[in-house]
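Reader: I am new to this structure and should like to be guided through it by questions and answers. Please show it to me before we begin.

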Amino acid sequence: MRSTTRMTAWLALVSAAAVATACGGGIDSGYFVDADSGDAETAGDATEEDAPREDARDDGRDGDADADTVEDGGGDEAGPVCGDGTVDPGEECDDGGDNSDTLPDACRTDCRNAHCGDAVTDSGEGCDDGNTVDSDDCRNDCSLPTCGDGEVQGGEDCDDGNTIDTDDCLSTCVDASCGDGVVWTGREECDGTASDPCTTTCGTAGARECLDCAFGADCVPPAETCNGADDDCDLLLDDGFPCVRGGTTSCTTACGTVGSGTCTDSCAVPTGGACVAPAETCNGADDDCDGSTDEGLPCVPGATVACTTACGTAGTGTCTAACELPTGAACTPPAESCNGIDDDCDGGCDDGFACCLGATASCTTSCGTAGTGICAAGCALPGAGSCTPPAEACNAADDDCDTFVDDGFPCVQGTTGGCTTTCGSTGTGTCTATCALPTGAACTPPAEACNGTDDDCDTLPDDGFPCSAGDAVLCTTTCGTTGTGVCTAACAIPAPAACAGPAESCNAVDDDCDGATDETFACVRGATRACTVGTCSGTQTCSATCAWGLCGGGAAPANDNCSGSGIVTIPGSNGAYSYSGSTCGAASDWAYWCTAMTPADGADVVYRLDLAAPKSVVLSTTGTSFDAVLFLRSGATCPGTTATTCDDNSAGGTPGQARITRTLAAGTYWIVVDGATAGDMGNFALSAVISDAPVGPPNDTCATAIALTPSSTLQSVTGDTAAATEDNAGCAGSGGRDVWYWFRLPVSHAVYLSTVGATWDTVIHVRSGSCTGALTAYGCADDACGVSARGGQFVGILPAGTYYVAIDGFSAASSGAFTLYYQASACVAVRDADTGTAVLDPIRSTMPTLTGSTVGQGNDSTGLCAAGAGQIAPDVYYYLGLCPSRTVTMNTCGASSGGGTDFNTVLYARYGGCAASGAGDTACNNDDATCTGWPPGSYGSRISFGSTGQGLYYVFVDGYVETLPLLPSEGNYTLSVSGM
């Protein structure tokens, strides 16, 4: 921006000059007006002064146009005109026609002197662009821009108005940067080749190099110097020099051998007397510079010397080139002599003589056998009197000269004698080549005799006879039936008079010879009679079990069974449909059961329902003349492979009627109309109301629960509660959205249910009863297996009945997808188990040890790892539900002999059941070597299991019967449990 202060000062100077002229008549100011040229001249310029003319015109100062002393007044004179060549008041100059706005230094056409800012470069100006922009190519004081003037001009990166090179702008108006050779304050540590002193990793004085205007992290070591230290941190002292200062180094002695000395202070190898000569070596040279060669060594090369042979005797040989005594084959042994040693090193003692002096030698005994004795003087063999006989051997000879053959053995080799057969009878056989009594097939059994035993080892006692004496056998009664009697002492079948008749059976025969037929049964097999059941009349026939059959009601209906030609298909579209018929004449084809513990065994018929989309279905038997039961099943083929649901009396009435309300997925369904008992048959009515399925999961309510069929195999089903409603009274927490499942147990079962693995807080609520009546809480499972309080796991014994399972949320915020794992085992009966542990409550993670006793229990099971005769000991068992990805370890290694386990145990585990055989063991152990406590001798057992996966496991504590028992096969035990 142009400086207004300077411009104001300049204008003030011009005005002051004008005022001074007006006050002094134009002369006192020191200036004269040159009328010829109009320029201002100094007072000394008298030759060109036009003062005499000034009185002839207005000088612009007194206003008198005619130059007299009287002011001109009125309008007699014209006003000031710029360009008339006369400098009038208010004008700085006026050169008339020479006024110019383009010529340097000219009076401008507005009668102003040439000045900075008039767009003309005048004398003394570097430039003049006529504007007030101070940051362009011409500054406001008409000087050219320069670096350091505080304004960033063309070609400059910056201009901070100073010459400091360490700030953001260099004195050359270039932005500071890495590599400009100047350290940028606050931004750079260094710039260029500067370095920073530091201490190296080996403690020497190094330097950090300037890298990218910052000192590097590495401290660069200095060059190595001769100082006995590692300057350059390469783990080598004074490397690059001949030796390490002050260290011991090799050098050349005065006699030219290689000696040693101390490296000098200049790292030079020592010479002359500073090089110590080495010790003398065998090399034919004077190593130690004492004037002698090879002195102080065992021998001189090439000389014959005494030496020790390879067998330790004194021999001779030649000194080696290494100045060493000869050894081994190089030392020649002496000749052999009778002295009890091997002189000539050929491996034989006193070879060339009869025996080795003082050694045991073979000789002939007094009975001619080969004995042993001591080699006598002169290396002579011992005589018969001093020859000791050998021990008796099995060879049919008298080896020990005691006149007895093979004495000390069970029998004499090759002789025939008595022996025990494989079945324990007394047979005959030949004494073996090892003088052992014959066994097994080598012992020939005797002929069979009538004695009630198996003499000939063919597993049949008294075979070859009609029967075995004393055994109960079949025989013919006096009325010709087959009875039973006792085999006579002569192994003969008892006579009819001694043959007791059998109990009466259902066969239309007089079995017991009392003159009556099938008298202990309800009817005689094959007999018939008239009958009436409800509204159905027909004929009953005595069955093959001598029981009156169902009352036949005439011809079977067309939809009596799956092969019937008249099975009606209920439309799957929305609407109400009614069907009627009669079960008279129908058979009881399906023994399904619903809420009772016995099947609905009345006459039954079947209908089909095909749904192309999910639908809400209501089925009812209201209007039926008998106690009706409805079964709803699903599957492509009749009568369906899956039991979806059933109902007995939900519709009420007398007799009771059934109603099923379900939301069903698309698919094929089969509806069985059944009678509650064998007597429930007659006319029936079936109605079906089909409507659109409600929004939400199909098993949102108890009435629409999905059926499960638990078995010993772990199964799973997936579900989602996100869109479900909350209609279950939560058993843990405040409760959330829930869905339902149901299953039926015909007998008591151990049941496993788990949602462990869910990502939200699930609760398993097990209930019994009916959806239309009261539901009784049977179990509540929450926060199982320690998995972030997410899943539930139910393990328990449930009696026979129908159960409903609600998968619930712990709170209103708990819902989502889940997988329900389920499994059941009928293995719950007390199999000689402790009823307080095996069948009432499973092993849980809070039970680190379990104690009990097998004394007085039965032998019900065997393990694969110890099957056979040893597994006839009593046993007990436990059951447990295992969390996913767990390995459980159990052992019977007691802590001490004063407590814990006191018998020889066997441990084994089974998955999903407790079969009596060892088939299916997932783990089995007998005598674990790591049991270092009690019982002693590794009679404790240890098993680990869990690889089969989560679910039901059974663990057996069994005993083992030893042939020579160190411990009993039954007793007290402590079962230690870990990993639950």
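Author: The answers below concern a predicted model, and they take up disulfides, backbone geometry, a strand and a pocket in turn.

Reader: How many disulfides does a search of the whole structure find?

Author: A disulfide is counted where two cysteine sulfur atoms lie within 2.5 Å. Over the whole structure, the number found by the search is 41.

Reader: Is the disulfide of Cys251 and Cys275 right-handed or left-handed?

Author: The sulfur atoms of Cys251 and Cys275 are 2.0 Å apart, and the two residues form a disulfide. This pair links distant parts of the chain, with Cys251 in strand E6 and Cys275 in the loop between strands E7 and E8, 24 residues apart. Because the torsion about the S-S bond is about 100 degrees, the disulfide is right-handed.

Reader: Are Cys251 and Cys275 buried or exposed?

Author: Buried means a relative accessible area under 20%. Cys251 has 4% relative accessibility, so it falls under that cut-off. Cys275 has a relative accessible area of 6%, and therefore it too counts as buried.

Reader: Which parts of the chain does the disulfide of Cys282 and Cys323 tie together, and how many residues apart are they?

Author: Cys282 is joined to Cys323 by a disulfide with an S to S distance of 2.0 Å. Cys282 lies in the loop between E7 and E8, while Cys323 lies in the loop between strand E9 and strand E10, so the pair ties together parts whose separation in sequence is 41 residues.

Reader: Which class of exposure applies to Cys282, and which to Cys323?

Author: Residues under 20% relative accessible area are buried, those over 50% are exposed, and those in between are partly exposed. Cys282 has a relative accessible area of 24%, so it is partly exposed. Cys323 has 1% relative accessibility and therefore counts as buried.

Reader: What is the phi of Cys323?

Author: Most residues other than glycine have a negative phi. Cys323, placed in the loop between E9 and E10, is not a glycine, yet its phi is positive, at about 60 degrees.

Reader: Where is Asp105 found, and what is its phi?

Author: Asp105 is found in the loop between strand E2 and strand E3. It is partly exposed, because its relative accessible area is 43%. Although Asp105 is a residue other than glycine, its phi is positive, near 65 degrees.

Reader: How many residues apart are Cys562 and Cys638?

Author: Cys562 and Cys638 form a disulfide, with their sulfur atoms 1.9 Å apart. The link is left-handed, with -75 degrees about the S-S bond. It connects distant parts of the chain: Cys562 is in the loop between strand E17 and strand E18, Cys638 is in the loop between strand E22 and E23, and the separation is 76 residues.

Reader: Which residue does a cis peptide bond join to Cys638?

Author: Most peptide bonds are trans. The bond that follows Cys638 is cis, with omega about 0 degrees. The residue joined to Cys638 there, found in the loop between E22 and E23, is Pro639.

Reader: What is the omega of the peptide bond from Thr654 to Pro655?

Author: Pro655 lies in the loop between E23 and E24. The peptide bond that leads to it from Thr654 is cis, with omega near -5 degrees.

Reader: Which residue in E42 stands opposite Gly881 of E37?

Author: Strand E37, residues 875–882, has eight of its eight residues buried. Both of its faces are covered, with Tyr877 and Gly881 among the buried residues on one side and Val876 and Leu882 among those on the other. Eight bridges join E37 to strand E42, and the two run antiparallel. Opposite Gly881 stands Leu952.

Reader: Which strand supplies the largest share of the lining of the second largest pocket?

Author: The second largest pocket has a volume of about 420 Å³. Its lining has 23 residues, and those nearest its centre are Cys646, Asp647, Ser650, Ser770 and Tyr804. Strands E23, E24, E29 and E34 each supply at least two residues of that lining. The largest share, four residues, comes from E24.

Reader: How many charged residues does the lining of the second largest pocket have?

Author: Asp, Glu, Lys and Arg count as charged. The lining of this pocket has nine nonpolar residues and nine polar ones, and the number of charged residues is five.

Note on methods. Residues numbered from 1 in each chain as written. Predicted model: local features only at pLDDT ≥ 70, side-chain atom pairs only at ≥ 80, totals over all residues. Heavy atoms only, no water. 1 Å grid on protein atoms, 1.4 Å probe; cavity = no way out; pocket = protein on both sides within 12 Å on 5 of 7 lines; lining within 4 Å. Points joined across faces, edges and corners; volume = space filled by probe spheres on them. Buried < 20%, exposed > 50% of the residue type's maximum accessible area, 1.4 Å probe, protein only. Pairing = 2+ DSSP bridges.
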